[in-house]
Amino acid sequence: MDLIDDDGNLFGLINLVDALVVFVALAVVVAGVAFVLSSGSEDTAPDTATRYATLDLGTQPAYVATLVTDGDDINPASPENLTITDVYATETDDGRHLYARVRINGTLDDDTVTYDGGPLRVGRELSLTTNEYQTDGTITAVDATTPDLPVGETDLLLRTTLAADAVDTLRTGDEYRIDGRTVATVQSVEAYRTGDPGQVQAYVGVTYHTYRASDGPQFAGTPVREGVSLPLETDTAAFEGEVVRVGATEPRGERATRTVRLEVENADPDLGDALRSGMTERVRGDTVAELTNVAVEPSTMVLTSQDGNVYRRDHPVEEDVTLTADLRVRETNAGVQFKGAALRQGRTVTLDFGTVTVEATVVSVR
């Protein structure tokens with residue numbers, strides 16, 4: 001059979017022109033179907049975008065806080081999913097105050113990223129559910145680039161009163177750890193006896209890992225500033241200290257030694273007998289004060305005779321004790337300080353030599 005017969009029919013069945021028309025029509029139909037199917041496929045795959053959010057998880061029981069860790073995945077098999085990238089915890093009376101930074105893959109709708117049915121915005125609550133725990137947090141910040149929490153180091157100087165044996169155990173480098181994470185490190189320790197047996201006043205320099213809130217650094221939910229009390233717990237000591245300096249871990253000024261003349265008036269004779277040159281006040285192996293001279297003389301008393309005359313006489317019992325001592329001080333812009341207070345004429349200082357404690361008035365400083 002000829003491909004095209006004498007009448008112009010294709011295979012003797014259909015006119016050639018009609019066949020071309022049918023072929024073109026079929027090609028158009030096929031192209032249209034392919035376009036429609038292609039468009040439908042794009043519509044079923046919405047655009048996605050990644051955002052990072054900070055969640056304030058509030059106070060959590062310790063048994064929950066220890067489970068919330070970097071790398072935890074929420075809905076990993078879903079196009080919309082969440083991964084924890086950073087965690088920060090501090091101790092509270094009821095457990096742990098917990099912050100988490102999370103990476104969220106959400107749906108992009110125009111310029112808005114949505115996750116789990118709603119837009120990502122400050123104030124919204126999100127649920128964190130894994131095979132090990134379930135908890136909720138409030139979004140406090142959202143951005144597109146930062147996987148880490150706003151946590152940084154803040155140097156502080158704390159003042160506290162401790163038992164002498166407790167302060168002796170504190171060492172530079174001691175760490176305060178919560179659930180395996182270091183939240184503070186001891187940088188310096190300086191201490192003085194207080195006059196109370198076994199008690200010392202300690203100045204402890206600490207570098208805290210603080211949460212950088214919009215209104216400044218915080219630790220354990222407390223804004224970090226002078227006058228507030230912050231906890232510190234190492235393997236050997238635990239206490240709360242008053243912040244007396246922010247931005248430094250040492251007391252103000254430079255260490256120096258000053259020779260000071262002190263006086264105790266109308267003292268019991270036992271005091272003069274107990275004091276001698278060479279006695280020292282030592283704390284943590286450092287000499288705080290050393291007596292270089294002790295002078296004792298009878299106190300004077302004023303007597304009025306029957307005829308009205310006034311006489312000065314030696315007291316039969318009481319004594320005046322004059323001490324010369326080398327004191328470890330700090331030279332500051334505000335003047336000389338001893339044991340954290342101004343050292344000036346007329347001030348009363350306490351020296352604790354272990355076997356005897358004396359309160360004396362400053363006569364001169366040189």
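## Strand pairing around S10

In this predicted model, strand S3, covering residues 48-60, and strand S10, covering residues 134-143, pair in the antiparallel sense over five bridges. Within this pairing, alanine 53 stands opposite valine 142 of S10. S10 is also joined by five bridges to strand S9, residues 125-129, and these two strands likewise run antiparallel. The connection from S9 to S10 is a hairpin that passes through four residues.

Two positions of S9 can be matched to their partners in S10: leucine 126 has glycine 137 as its bridge partner, and serine 127 stands opposite aspartate 136. In a regular strand the side chains alternate between the two faces of the sheet. Along S9 this alternation can be followed residue by residue, with Leu126 and Leu128 pointing to one face and buried, while Glu125, Ser127 and Thr129 point to the other face and are not buried.

## Two buried side chains

Arginine 101 belongs to strand S6, which covers residues 95-109. Arginine 101 counts as buried because its relative accessibility is 2%, and the cut-off for that class is under 20%. The side chain of arginine 101 makes a polar contact with the side chain of threonine 54 at 2.7 Å, and another with the side chain of aspartate 143 at 2.6 Å. Threonine 54 and aspartate 143 can be placed on the strands described above, since S3 covers residues 48-60 and S10 covers residues 134-143.

Leucine 327 has its place in strand S22, and with a relative accessible area of 0% leucine 327 is buried. When residues up to four places away in sequence are not counted, leucine 327 touches Ala256, Thr257, Arg258, Val260, Val288, Ala289, Phe338, Leu343 and Leu351. A separate C-alpha distance relates leucine 327 to lysine 339, which is 12 residues apart from leucine 327 along the chain, with the two C-alpha atoms separated by 9.6 Å.

## The largest pocket

The largest pocket holds about 290 Å³ of space. Its lining is made of 20 residues, and the closest of them to the pocket centre are Tyr203, Pro251, Arg252, Gln337 and Gly340. By residue class, the lining of this pocket divides into eight nonpolar, three polar and nine charged residues.

Several strands contribute to this lining, with at least two residues each from S11 (151-163), S13 (181-193), S18 (238-246), S22 (310-332) and S23 (335-338). S22 supplies the largest share of the lining, four residues, and S22 is also the strand in which the buried leucine 327 has its place.

## The second largest pocket

About 220 Å³ of space lies in the second largest pocket. This pocket is lined by 15 residues, of which Glu91, Asp93, Tyr176, Pro231 and Glu240 lie nearest its centre. Two or more residues of its lining come from each of strand S5 (81-92), strand S17 (229-233) and S18. S17 gives the most to this lining, with five residues, while S18 is named among the contributors to the largest pocket as well.

The lining residues of the second largest pocket divide into eight nonpolar, three polar and four charged, whereas the lining of the largest pocket includes nine charged residues beside its eight nonpolar and three polar ones.

## Positive phi angles in two loops

Most residues other than glycine have a negative phi, and most peptide bonds are trans. Against that background, aspartate 116 has a phi near 55 degrees, a positive value in a residue other than glycine. Aspartate 116 lies in the loop between strand S7, residues 112-115, and strand S8, residues 118-119. With a relative accessibility of 57%, aspartate 116 counts as exposed, since that class begins at values over 50%.

Arginine 284 also has a positive phi, of about 55 degrees, although it is not a glycine. The loop that holds arginine 284 lies between strand S20, residues 280-283, and strand S21, residues 286-304. At 29% relative accessibility, arginine 284 counts as partly exposed, whereas aspartate 116 at 57% counts as exposed.

Terms used: Residues are numbered from 1 along each chain as its sequence is written. This is a predicted model: local features need pLDDT of at least 70, side-chain atom pairs count only at pLDDT 80 or more; totals for chains, interfaces and linings use all residues. Side-chain values use heavy atoms; hydrogens and water are left out. On a 1 Å grid over the protein atoms alone, a cavity is a set of points where a 1.4 Å probe fits but cannot get out, and a pocket is an open set with protein on both sides within 12 Å along at least five of seven lines; lining residues have an atom within 4 Å of a point. Grid points are joined across faces, edges and corners, and a volume is the space filled by probe spheres set on the points. Ala, Val, Leu, Ile, Met, Phe, Trp, Tyr, Cys and Pro count as nonpolar, Asp, Glu, Lys and Arg as charged, and the others, Gly among them, as polar. Two strands pair if DSSP finds at least two bridges between them. Buried means under 20% relative accessible area, exposed over 50%, partly exposed in between (1.4 Å probe, protein chains only). Contact means heavy atoms within 4.5 Å. A polar contact is a pair of N or O atoms within 3.5 Å; within protein, one must be able to donate a hydrogen and the other to accept it, and residues adjacent in sequence count only if both atoms are side-chain atoms.
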